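Q: Got a model here I'd like to go through. Can we start with a helix and work outward?

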Amino acid sequence: MLHPSYTDLMQLVNSEVESGEAPVVNSRYSIVLATSKRARQLIDGVEPLSHPDCPKPLSVAIDELNSSKIHILSEEEAAEADARRAKKEQEKQEMGEEVLSFAEED
């Protein structure tokens, strides 16, 4: 048996949603996607936020979600986060171009 259960994880993730708003997670599939994405990040070398007894990346990801160290974003929050990342990336590129053009003037 999976501990914590899918139901427990879904309740935990949706506990921060105010009444009247759509839940962040509607199905087990959403939990599976979120934890597998985090497990892939851990496999790629991202430092874990918790250290459970089992060193397997998926177990670490589930433990992080269960202990509220990571959060599943709603579609709107994810879109906002993507827009912020894209803006930062664009600013970095523009800054690099300014430095490059300044160096060429010398």
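A: Sure. Helix 3 spans residues 57-66, and its buried residues are Val60, Ala61, Ile62, Glu64 and Leu65. Buried means under 20% relative accessible area with a 1.4 Å probe, protein chains only. Helices are DSSP runs of H or I, at least four residues, numbered from the N terminus.

Q: Predicted, right? What are the ground rules?
A: This is a predicted model: local features need pLDDT of at least 70, side-chain atom pairs count only at pLDDT 80 or more, and totals for chains, interfaces and linings use all residues. Numbering runs from 1 along each chain as its sequence is written, and side-chain values use heavy atoms, with hydrogens and water left out.

Q: What covers the buried residues of helix 3?
A: The cover includes helix 1 (6-14) and helix 2 (28-43).

Q: And which residue just after helix 3 takes a positive phi?
A: Ser68, at about 60 degrees.

Q: Switching to the core. Which residues make up the largest nonpolar core?
A: Nine in all: Leu9, Met10, Val13, Val25, Ile31, Ile62, Leu65, Ile70 and Ile72. Such a core is a set of buried Ala, Val, Leu, Ile, Met, Phe, Trp, Tyr and Cys residues joined through side-chain atoms within 4.5 Å. Helix 1 and helix 3 each supply at least two residues of this core. The largest share, three residues, comes from helix 1.

Q: What does Met10 touch?
A: Val25, Asn26, Ser27, Arg28 and Ile31, not counting residues up to four places away in sequence. Contact means heavy atoms within 4.5 Å.

How values were computed: Buried < 20%, exposed > 50% of the residue type's maximum accessible area, 1.4 Å probe, protein only.
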